Structure formats: structure tokens, C-alpha cells
Amino acid sequence: MKEELLSRIAGKQIVVGVVGLGYVGLPLAVEKAKAGFKTIGFDVQADKVKMVNEGHNYIGDVVDAELTQLVADGMLSATTDFSFVKDVDFIAICVPTPLDAHQQPDISYVESSAKAIAEHLSPNTMVVLESTTYPGTTEELIRPLLEKGSGLTCGKDFYLGFSPERVDPGNLIYKTKNTPKVVGAIGEDAREVIAAVYGAVLGDKVHTVSSPAVAEMTKILENTYRNINIGLINELAILCNRMNINLWEVIEAAKTKPFGFTPFYPGPGLGGHCIPLDPYYLTWKAREYGFHTSMIEASMMVNDRMPEYTVERCGKILNRHDKSLKGARVLVLGIAYKQDIDDCRESPALRVIEELEKTGAVVSFYDPYIPQYKQQGKMKKGEPALTAALLQQTDLVVVTAAHTNVDYDFVQQYARAIFDTKNVMTQVKERTNIEVL
């Protein structure tokens, strides 16, 4: 079974399936199709399926022309019908894994995907979970669901593994194609065939580990490492402000050391689909073992507080201009969770806006990538353009995203006061009305 499958993988004769056509799934489907594998995308959202089948791209990290050509050539298609799972040899689950209202893992999307796959799972199929989750999910949740729903046995009738997504939206250097993949699977045969599928796209950029749990913990470690270090630097930002020390200058100086230091930067909080969420998966799972993740939780507390601290600083800046937050006109500049992307999921800027509104401030926002966003069922529209008139009538501009297509000299020229939480205005010549985090 294994040798025949390896031969078919090498000959690009297998059919690849991808469940979830979002920021992880669609780029993966495109890369598999580009590598010569006929690929089927599965998604419950009919609008996404329709756009893919029409060759219309909606993900920033996918090249429009490549998607269009792959669809035209018959290498990539999409469907809402999971019965087509019977036609695939390899299927990757790339669905969201958010937190619920109690900050606990919501794995309902993963669970429903596994059940849908199980109904149509064929012998010799490779199933890989890519969604970020807690260690143990693949073996403790996915395996029983697939076995029960299909009547097949893992390791004997089908292969199962975990390979964490490592997508970094907006990164101009590292994409799905050139980012190494970690693969953990149940059994040596599963590890070998699943790694071969990824290797057909990435070459030697595949690192195998002994189990799915190791691969799951790898992804959690990567983002918890960042969370802790960002928490450290955010706490230092608060301290340095009290000591009248410019932390950004401190970081630049520390970066000159060629060993033992990796730069992290402060900000108004954490956003996106990974760093703010992943530590919660680990702390939740750790309780099962009676373990308290004190350092991780401390960093999470610091990072969670940063939107409130940002608003506190806004109040102090306005006070120095003889203005209170209540009734002040505040313009939030950039609501994406990171620079040069059109994604505001978990963005700290949204929390900043909420906290500002609680104080009675009159808040507006401008983001060149995000003209509007929905929150708690309500659509909020941004300013259509960043004009001199808008800046002149604003009491305070708060820079919360470091977009590179914003003219910060123009902002400085017309704004009364600026609170720069991203240090993007460091090159602006006239800095009399600018304060940094």
C-alpha cells in the first residue's frame, strides 16, 4: 500500500483535497495544483466556492493570474459537496480554530470537518490536520471521529497526521511555497507518505517529528514564544515611558549585539489568528495535567492590557493639550492587525476603538486596506480618505498599524497631536507633535 502510494505521489497521480478555503487553505490548494496535483477545495461557504471556480482570488498571498490559470487548466476546482472526498487521496483540514466566549478552544469547525470527511473516506487516503490546536487533537479527537464515521482503521486502512500551518499574511519573503513544513503522523508509514506529498511541493523543506502531538506543540511553541517576548517588551514600554526612556531606541541599540538577542517590538496589543489565541490552547490543555503556565499567562495579561494602556496614554496626551478624552475627536489610523494587509481579526485597534468610545471620545478610523468592518453585528465605516481637513479637525491621531502606503509626513503636517504606537513616524523630520508608545 505504502510503496504504491509513494509511486503515485512521485508521478503526481494523486488527487489532493483541501477543506477550508481561507487564508491557509486557498494558498495551500494553489501550491498543490501548481506542483502538478489535481486539487479539489472544499468549503461550506458557497460564495468562496463560486469565486474559486470562476478564477477570482480573494486572498492577498495568492497571485490572481495563477489562480485563474489553474482553474482554466482544470487543475483546481472547489465544491460544497463533501461526497467528492471519495475521489481524493490526500486531504488537508485548514479550518478556523477560534476561542469561545470563555477563552477556551472552539474546535467545532475541526470536528464537523472530520465528521464530513469520515462519511466519504476511502481506503489508503491520507488525512492531515493543519489547523492550529492543542496537543493531542489529532489522536484524541480526529482519529476516533474518522474511524467511527468511516468504519476504517487508522494505520491499517488510512493515514493520519498533523502539519501546522505557518502562514504569515503580508510577508513578502516567506509564503506557503518556501516555508518549511513540520510533519507528525501516527506511524512511520503515515509519516513517510504525508511528508512525500509536502516534499513534492517544498523539496527538502520538510521536517518530520515522531508524533502528531509533537507537531501540534511545535506550532504552539512558535507563537507562545512570540507572545511571551512581546509581553516582555510591552511591559518594558510601560516602564520606559515612566522613566522617560525611548524603548524603540533601546531596542535598536540592543539589536547591534550579534548573538543572544532577538528584537521584538511593543504595540497597542496583539492581533491576528495565531499569537493572541495559541497560548490559550496550551494553558487550557495544561490544566488537564494539573499544570499552571504562570509565565505564559503573565505575558497574556500584559498583552491583553495594552489596548487599555494605549487609551490611558491617549488621555494623558490630550490633557497636555488642554483637552479631555470625553468629547475629543480621535482618529485611529490603521485597524488591520499588522501592516499592509486587509485583515482585522483580533486586531488590537478594534479594542482601542471600543475603549476610546467608552470614555466618550468621538472616534473615527482610516485604513487604506479596510474601508469597513463588522463588529457585534454592526457595520462600521471608515473615513474614505486621509485629508488635510480630516486631520485638522481631529484632536488626536492614534497610529495603530504601520501601513507603508500612508504619507506620515502629511499626517504630521496637519495633525494637532499624534500618538504613534508603531514607531512608523521615526523618519518624519518635524516631531514636535508626536509621542511614541
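Mentor: Two strands pair if DSSP finds at least two bridges between them, and strands here are DSSP runs (E, at least two residues), just as helices are H or I runs of at least four, all numbered from the N terminus. The model is predicted, so local features need pLDDT of at least 70 and side-chain atom pairs 80 or more, while totals for chains, interfaces and linings use all residues. Residues are numbered from 1 along each chain as its sequence is written, and side-chain values use heavy atoms, without hydrogens and water.

Trainee: So how many bridges join strand 9 and strand 10?

Mentor: Strand 9 (residues 329-333) pairs with strand 10 over five bridges, in the parallel sense, and Val-330 stands opposite Val-363 in strand 10.

Trainee: What order do the strands of that open sheet take?

Mentor: The five strands run in the order 10-9-13-14-15, with parallel pairing. Strand 10 (362-366) and strand 15 (434-436) are at the edges with a single partner strand each, so one side of each has no neighbour in the sheet.

Trainee: And which helix packs on the sheet?

Mentor: Helix 11 (residues 294-320) does, touching strand 13 (396-399), strand 14 (418-420) and strand 15, where contact means heavy atoms within 4.5 Å. The direction of helix 11 makes about 150° with that of strand 13, on a scale from 0 to 180 degrees between N-to-C directions, with axes fitted to C-alpha atoms, for helices over the stretch in contact.

Trainee: Switching topic, how do helix 2 and helix 4 pack?

Mentor: Helix 2 (residues 25-34) and helix 4 (residues 64-72) have axes 10 Å apart, at an angle of about 60°. Val-30, Ala-33 and Lys-34 in helix 2 meet Glu-66, Leu-67 and Leu-70 in helix 4.
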